Amino acid sequence: MKAGRLSVRQVAFYGIAGTVCIVLSAMESILVPVVPGLPPGAKPGLSNIVIMLMAATGQTAGIFFPVLMKSVFALLTRGASAFLMSLSGGVFSALVMMFFYRRHFRNISETGIGILSACAHNTGQLLVSFIYTQTTALIAYYPVLLLFGTATGLVTGIFTAVLLPRARQLAQNFFQSSE
Amino acid sequence: MKRGDLVILVSVLLLAGLLYLPLLLSGSGRKAEILVEGKVTESIDLLAVTGEYTISVPGSEILVRPGEIGYLCSDCPNEDCVRFGMLSRPGSTASCIPNHTMIRILAGKDTDGPDAVTY
């Protein structure tokens, strides 16, 4: 990728990734209200699998495209506060992923990055709702969010690890002929 | 799962536990407030409540019982506010973001008298 310019293949790739993210999170929002016992606002974060796969196959900067697409979708379907929540969570977790996939820590795999990025997602959202409502009492909810973020991050991390070899191959084939 | 993953897992859980500890120790709260558009519209002494009653706020119904308060039902899409359940601990909150309403229980210190006095 030349600095600041996207190839046609990248645009197509990011568009597909963003679409898959939107579909996954739409599916989630149908499933979540049916499952009892989930803490409020908690979602499994399946679209994180797509974003992690992108980051893991070398598109570290590109992950901000699906994040932005998801937020715009939230804006269109659920309004401004949903947009802010989606964007803050997405950007926070994308930053964490970018950091870890650029540094290549030998001891940390998809599982660990999944947990940290899920928790970063929740942290970002809590920060925005804190700014939005001006209530310090929201911090009381943070432990629940961390606990749930760990669980969902673990699951999405494992999914990512399982899918990664195949995704690597796909990404390679997709970008190979573009040069 | 690699060693670093385990370190991450344990440290995040530890952090959650540490943050939760003060809440666990703080017992139950006394004074609850209902906010609409960021302004306090109702202030309730939960320990003085004897019966059960509901309060209407824009978009939702709020249930008040002795010692606890919570959203009963709401017209918002996911009813996330209802999922918060009944609140009783100081510092806990439930909010209905689409309707801009919120319930909070004030932290105990400013509502009670001193715990101990020495001379």
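Axes here are lines fitted to C-alpha atoms, for helices over the stretch in contact, and the angles between them run from 0 to 180 degrees between N-to-C directions. With that in hand, let's walk through this predicted model, starting with a pair of helices in chain A.

**Two helices crossing in chain A**

Helix H2 of chain A covers residues 47–56, helix H6 of chain A covers residues 142–176, and their axes come within 9 Å, crossing at roughly 45°. That angle makes H2(A) oblique to H6(A), and the crossing is right-handed. Which residues do the meeting? From H2(A) come A:Asn48, A:Ile49, A:Met52, A:Leu53 and A:Ala56, while H6(A) brings A:Thr156, A:Phe159, A:Thr160, A:Leu163, A:Leu164 and A:Ala167. Sort the residues of this contact by character and you get eight nonpolar, three polar and no charged.

**Where chain A touches chain B**

Next, the meeting of the two chains. On chain A, 26 residues are in contact with 26 residues of chain B. Two elements of chain A give two or more residues to this side: helix H5 (110–133) and H6. H5(A) gives the most, with six residues. As for character, the chain A side divides into 16 nonpolar, ten polar and no charged residues.

**Two isoleucines in chain A**

A:Ile108 sits in the loop between helix H4 (80–103) and H5 of chain A. Leaving aside residues up to four places away in sequence, A:Ile108 touches A:Phe100 and A:Ile113 in its own chain, plus B:Lys2, B:Gly4, B:Asp5 and B:Ile8 across in chain B. Is A:Ile108 buried or exposed? A:Ile108 has 20 C-beta neighbours inside 10 Å, so it counts as buried; the cut-off for that label is 20 or more.

A:Ile16 belongs to helix H1 of chain A, residues 8–31. A:Ile16 has 13 C-beta neighbours inside 10 Å and therefore counts as partly exposed.

Each of these isoleucines can also be set against a proline further along or back in the sequence of chain A. Here are the two pairs, with C-alpha to C-alpha distances:

| Pair | Apart in sequence | Apart in space |
|---|---|---|
| A:Ile108 and A:Pro39 | 69 residues | 28 Å |
| A:Ile16 and A:Pro66 | 50 residues | 8.6 Å |

**Strands in chain B**

Over in chain B there's an open sheet of four strands, in the order E2-E1-E7-E6, with antiparallel pairing. Which strands are at the edges? They are strand E2 (39–45) and strand E6 (93–96) of chain B, each pairing on one side only. From one strand to the next, the twist averages 15°.

Going to one end of that sheet, E6(B) pairs with strand E7 of chain B (residues 101–105) in the antiparallel sense, over four bridges. Within this pairing, B:Cys96 stands opposite B:Thr101 in E7(B).

Another antiparallel pair in chain B joins strand E3 (residues 53–57) to strand E4 (residues 60–65), over five bridges. Here B:Thr54 stands opposite B:Leu63 in E4(B). E3(B) and E4(B) form a hairpin with two residues between the strands, and in that hairpin B:Gly59 takes a positive phi near 90°. As a general reminder when looking along such elements, side chains in a regular strand alternate between the two faces of the sheet.

Methods:
Residues are numbered from 1 along each chain as its sequence is written. Chains are lettered from A and ligands numbered from 1 in the order in which they are written. This is a predicted model: local features need pLDDT of at least 70, side-chain atom pairs count only at pLDDT 80 or more; totals for chains, interfaces and linings use all residues. Angles under 35 degrees count as roughly parallel, over 145 as roughly antiparallel, 65 to 115 as roughly perpendicular and the rest as oblique. A crossing is left-handed if the near helix is turned anticlockwise from the far one by less than a right angle, and right-handed if clockwise. Two residues are in contact if their C-beta atoms, placed from the backbone, lie within 7 Å. Ala, Val, Leu, Ile, Met, Phe, Trp, Tyr, Cys and Pro count as nonpolar, Asp, Glu, Lys and Arg as charged, and the others, Gly among them, as polar. A residue is buried if 20 or more other C-beta atoms lie within 10 Å of its own, exposed if 12 or fewer, and partly exposed in between; C-beta atoms are placed from the backbone. Two strands pair if DSSP finds at least two bridges between them.
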